[in-house]
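Grab a pencil and have the model open beside you. Try each task on your own before you read its solution.

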Amino acid sequence: MGGCFSKPKAVEVKVELSLLEKEKEVDGLSPNGKASPFADCRLNGALAHSSDEDSMLLPLNHNSRDYVEASVCHVKDLENGQMREVDLGCGRALLIKQHGEFSAMAHKCPHYGAPLVKGVLSKGHVRCPWHGACFSTATGDIEDFPGLDSLPTFQVRVEKDKVIIRANKQALQSQKRLKPMSRCSAVINSNTGFSHVLIIGSGPASLVCAETLRQEGFTDRIVMCTMDRHPPYDRPKLSKSLESTAEQLRLRSMDFLQDHDIELLTEKEVVAVDIKTRSVTFEDGLRMEYRKLFIASGSKPKPMSYKGKDVRNVFHLRTPEDANSIARLANNKNAVIVGTSFVGMEVAAALTDKAHSVSVIGIEPVPFKTALGEKVGKAIMKLFETNRVKFYMLNEVSEMIGQHGQLKEVVLKSGKVLRADVCVIGAGSVPATGFLKQSGIHLDSKGFITVNKMMQTNVDGVFAGGDVVTFPFPPRNNKKVNIPHWQMAHVHGRVAALGMMGRLSEFKTVPYFWSAMFGKTIRYAGYGDGFDDVIIQGDLDELRFVAFYTRSEEVVAVASMNYDPIVSRVAEVLGSGKTIKKRDVETGDISWLIDKGSH
């Protein structure tokens, strides 16, 4: 549907540049002839590489062994608003041309290694094509999430119409840079029952909060406490890579945290918060006072009602140990997934090449209906069915039957009996805020902590972020919403840290999440809650599509599969405060939205 979905042909540099020149003339118009909201940003594809002569290394100063210089292209090889991945001999860099000036930085997103040349360049930053993180083209600093690290930048100069990059060899290899961080100035005994900042939780909101404080010059004590036994790790990978260890998934090591004076208390459960004495009490009796408190305790599995709760082999995927056990117990056995959440469906996909059978039980007619709409849900359901997953939709669990404490069967309310050697519950979650009920910190009717735009609660000095909060969302007229995305938690952590330091941070991020199944990735940006229509371009049967979610006459979210980086481009437009109208995406031709040859 629409010629823009045809497979692009390889083109030489000069041909591709001429295509881009032609597009530049019409890029400012949408199909209805009006100014396009996409006119200020454009996608970029990797151009053909420079000739051997161009990439020849220049002589190096013998005192500069840590650096490399290379002539990478002619000044006319790039137009304004274009990017190009170039080879410096011992590593690659991203060359950018904006307003007639060249700049260069690392070419891979430090989050998952996405090629930034396939991302979106707009107004001084590059947005990652996979997960939407943004990096300043001037400094390399991370400006929007997910991810923790920034990018190294490299010196660029022009001599005789040749563009020359000078880069640190180590930075070329690492492709990431840590922002400078301060240390704690006071000598503190670890047994001291007081912390200037106490952080509950060790997910991305907590970690970004702690690191932002250090990056912004905070030199007092920071203590992070968690019920987990591990340092912070990449939880979204658990359901996609069940056999990964905590070490393989870790975001920061204990050595890193110690080097930056971020104390971590593991296997510590908070049972009470006293706002009058500004103290927190743990299950083991430890009590710690604080000056500022950040609550990012995350979510916990939604309780289910069924008989037979004493059987083992039933898991809520929370930890690397859970994931490892699920993978081991499902080997050549029968696996049952209860619930069609993204986590549950990712586990189902991950088990298809391990288990003898995989069955999914859901209460909706198709998976993801609420989040992605029925048509997209059906297309994804078909993908699972072709991979031998059996669905039992519009069903619920009545009973779990075991023998000698081991799960053997799952009985549905319809009467259907499923053989089960392992069962994973992925039926949604609720905020882990039970310990706050008597605290005086305001919770809404569903148990979420309500915060303002600085992520501060109703109590002075107490902040919160991540899955546990409802926060004012500017695109919805500051309506209080809960957006439990990994990326959003990063943002909350940074805003809260700046708020603790008395600095108001403008909330400009666009919600962004992703899900991977059978080697295919769904990307989603925006806030589509309450959408009333879905405009689909592409081919759902081929799982190569873009779905625009609209409310009234406005696009509020977008999802895609096998069509990067369109979601990042829409995120760029929404993030700039511009509006995409429904009429602009329902014409059947969205070539105006995508640079030809870029995907």
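Below are six exercises on this chain, each with a worked solution.

This is a predicted model, where local features need pLDDT of at least 70, side-chain atom pairs count only at pLDDT 80 or more, and totals for chains, interfaces and linings use all residues. Residues are numbered from 1 along each chain as its sequence is written, and side-chain values use heavy atoms, with hydrogens and water left out.

**Exercise 1: the whole chain**

Task: Find how many helices and strands the protein chain has, and what share of its residues is buried.

Solution:
- Step 1. Start with the secondary structure: the protein chain has 12 helices and 36 strands. Helices (H or I, at least four residues) and strands (E, at least two) are DSSP runs, numbered from the N terminus.
- Step 2. Now look at burial. Buried means under 20% relative accessible area, exposed over 50%, and partly exposed in between (1.4 Å probe, protein chains only). Of the 599 residues, 55% count as buried.
- Step 3. Check the contacts, meaning heavy atoms within 4.5 Å. Among contacts in the protein chain with a separation of 6 or more, 62% are between residues 24 or more positions apart.

**Exercise 2: helix H3**

Task: Compare the span of H3 with the expected value, then work out what its buried residues pack against.

Solution:
- Step 1. The expected span of a helix is 1.5 Å times one less than its number of residues. For the 12 residues of H3 that gives 16 Å, and the end C-alpha atoms are 16 Å apart, so the two agree.
- Step 2. On burial, 12 of the 12 residues of H3 are buried. Among them are Val-208, Glu-211 and Arg-214.
- Step 3. The packing partners of these buried residues include strand S12 (194-200), helix H5 (254-259) and H10.
- Step 4. Just past the end of H3, Gly-217 has a positive phi of about 95°.

**Exercise 3: helix H10**

Task: Do the same span check for H10, and see how many of its residues are buried.

Solution:
- Step 1. H10 (residues 486-500) has 15 residues and reaches 22 Å from its first C-alpha to its last, close to the expected 21 Å.
- Step 2. Of those 15 residues, 14 are buried, leaving H10 mostly covered.
- Step 3. Gly-502, just after H10, takes a positive phi of about 80°.

**Exercise 4: the largest cavity**

Task: Which residues line the largest cavity?

Solution:
- Step 1. Rolling a probe the size of a water molecule over the atoms shows where empty space is left. On a 1 Å grid over the protein atoms alone, a cavity is a set of points where a 1.4 Å probe fits but cannot get out, while a pocket is an open set with protein on both sides within 12 Å along at least five of seven lines; lining residues have an atom within 4 Å of a point.
- Step 2. There are three cavities of 30 Å³ or more, and the largest cavity holds about 80 Å³. Grid points are joined across faces, edges and corners, and a volume is the space filled by probe spheres set on the points.
- Step 3. The lining is Ile-142, Phe-145, Leu-148, Lys-179, Val-208, Glu-211, Thr-212, Gln-215 and Arg-494. The largest share, four residues, comes from H3.
- Step 4. Sort them by class: four are nonpolar, two polar and three charged. Ala, Val, Leu, Ile, Met, Phe, Trp, Tyr, Cys and Pro count as nonpolar, Asp, Glu, Lys and Arg as charged, and the others, Gly among them, as polar.

**Exercise 5: the second largest pocket**

Task: Which element gives the most to the lining of the second largest pocket?

Solution:
- Step 1. This pocket has about 610 Å³ of space and 24 lining residues, with Glu-143, Asp-144, Glu-506, Lys-508 and Thr-509 nearest its centre.
- Step 2. H10 gives the most, with four residues.
- Step 3. By class, the lining has eight nonpolar, five polar and 11 charged residues.
- Step 4. Zoom in on Lys-508, in the loop between H10 and strand S32 (512-517). Its relative accessible area is 53%, so Lys-508 counts as exposed.

**Exercise 6: unusual backbone spots**

Task: Where do Pro-146, Pro-565 and Met-455 lie?

Solution:
- Step 1. Most residues other than glycine have a negative phi, and most peptide bonds are trans.
- Step 2. Phe-145 and Pro-146 are joined by a cis peptide bond, with omega about 20°; Pro-146 lies in the loop between S9 and strand S10 (153-159).
- Step 3. The bond from Asp-564 to Pro-565 is cis too, with omega near 0°, and Pro-565 sits in the loop between strand S36 (554-561) and H11.
- Step 4. Met-455 is not a glycine, yet has a positive phi of about 65°. Its place is the loop between strand S28 (449-450) and strand S29 (462-464), and at 1% relative accessible area Met-455 is buried.
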